[in-house]
Amino acid sequence: MKLETLAIHGGNIVSDKEKPVIQPITLSTTFVHQPESMIYARANNPNRHALEQLLAGLEKGADAAAFSSGNAAGVSVFQALDPGSHLIAPDDMYHGLKNAIETIFKGILEATFVDMTDLDAVEQAFQPNTKLVWVETPSNPLLKITDIRAVAKLAKAKGAILACDNTFATPVFQNPIAQGADIVMHSSTKYFGGHSDIMGGALITKVQDEFWEKVKNVQIGGGAVPTPMDCYYLCRSIKTLPYRMKGHAEHAMVLANFLDGHQAVEKVYYPGLKAHPGHDIAAAQMTGFGGIVSFLVKSGADAADVVISKLRYFTNATSLGGVESLIERRAASEGPDTLTPQNLIRVSVGLEHLDDLLEDLERALAAS
């Protein structure tokens with residue numbers, strides 16, 4: 001099946017004798033004992049099985065594991081590593097997962113944070129006990145682009161697992177497994193959910209090997225799994241994912257070009273712009289550049305706050321990937337140890353009419 005067809009039909013497993021067109025929600029926490037049956041909802045559920053089958057298909061993987069949040073998904077990979085393992089991760093890694101590495105796994109795992117766009121720095125970061133390389137491309141919120149194939153080659157030579165956070169690109173625009181990644185991670189709260197009303201996370205594996213079994217053991221034993229209702233709504237939302245992503249990317253490209261030429265804007269971060277340092281790599285490994293745009297306001301953090309306060313159609317809120325446009329001064333959300341510039345605004349470009357979004361931005365920027 002092509003992507004659009006798979007998104008609609010790949011997560012629809014109907015066993016009901018009445019043959020409903022849409023798979024029903026199975027709320028039971030336990031199941032009658034019979035050969036090869038499900039036993040308990042923490043281990044499996046028909047709706048979660050359908051979602052995991054769909055995610056594996058979209059990311060061209062062998063299996064998937066759904067979680068209650070993106071952080072739960074990422075943390076399960078770290079939990080599956082042996083104590084004393086070393087991992088390499090981006091210096092601009094999503095702050096929630098970076099914080100987990102530095103706090104929850106302090107004294108358990110070793111970590112080196114590097115600029116993943118610098119392949120020499122990545123190679124030099126390897127240690128004898130390096131077991132995992134974590135990539136996030138495009139990154140949050142600086143939209144850095146990592147060459148997945150090049151880092152995969154380094155990881156393979158060193159015997160390390162390569163995991164890629166594909167939340168910003170989604171499988172609509174990027175398939176990391178096809179480019180050498182072993183595991184793909186998503187915050188399904190974002191574009192998979194698409195409407196800012198579902199919390200979830202996911203991992204997809206290239207092969208069902210020993211490490212993957214450890215991840216699955218963490219999923220089932222730890223119990224940080226999504227509810228049947230969440231799985232049902234994610235399958236429903238993913239049906240429109242390919243078309244939503246095309247709209248997000250089209251709007252983001254227009255807004256990036258608008259901001260790039262605006263006198264109140266110091267710099268724009270969007271891999272679709274030819275001036276972006278990662279544009280050529282992004283063009284080679286992605287089929288679209290995504291729906292997130294970040295930019296620096298010339299007059300500083302206070303001016304950035306003024307811009308946000310003057311907007312009508314961009315909601316000042318954390319998160320991304322919904323049909324509505326969200327905006328925030330990212331450093332204010334990340335805390336005092338953030339590396340994000342204080343005057344950086346991150347925009348999750350929604351699906352409102354472009355004329356309304358452009359007019360809104362123009363008015364707000366004029367106030368800065």
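I started in the middle of the sheet: strand 6 and strand 7 (residues 201–205) run antiparallel, joined by four bridges. Worth jotting down up front that this is a predicted model.

Next I picked out one pair there, and Met185 stands opposite Leu203 in strand 7. On the other neighbour, strand 5 (residues 161–165) runs parallel to strand 6, with three bridges between them. Met185 turns up again here, as the bridge partner of Asp165.

Then I asked myself: are the residues on the two faces of strand 6 buried or exposed? Ile183 and Met185 sit on one side, Val184 and His186 on the other, and all are buried. That split fits the usual rule, as side chains in a regular strand alternate between the two faces of the sheet.

I zoomed out to the whole sheet. It is open, has seven strands in the order 1-7-6-5-4-2-3, and its pairing is mixed. Strand 1 (63–67) and strand 3 (110–114) are the edges, each pairing on one side only. From one strand to the next the twist averages 20 degrees.

I also checked strand 2 (residues 86–90), which runs parallel to strand 4 (residues 130–136) through three bridges. Ile88 stands opposite Val133 there.

Helices on the sheet came next. Helix 2 (residues 46–58) touches strand 1 and strand 7, and its direction makes about 125 degrees with that of strand 1. Helix 3 (residues 70–80) touches strands 1, 2, 4, 6 and 7, at about 40 degrees to the direction of strand 7.

Last, I looked up Glu213 in helix 8 (residues 210–222). Its relative accessible area is 40%, so I logged Glu213 as partly exposed. Glu213 and Ala80 lie 133 residues apart in sequence, yet their C-alpha atoms are 8.9 Å apart.

Terms used:
Residues are numbered from 1 along each chain as its sequence is written. This is a predicted model: local features need pLDDT of at least 70, side-chain atom pairs count only at pLDDT 80 or more; totals for chains, interfaces and linings use all residues. Side-chain values use heavy atoms; hydrogens and water are left out. Buried means under 20% relative accessible area, exposed over 50%, partly exposed in between (1.4 Å probe, protein chains only). Two strands pair if DSSP finds at least two bridges between them. Axes are lines fitted to C-alpha atoms, for helices over the stretch in contact, and angles run from 0 to 180 degrees between N-to-C directions. Contact means heavy atoms within 4.5 Å.
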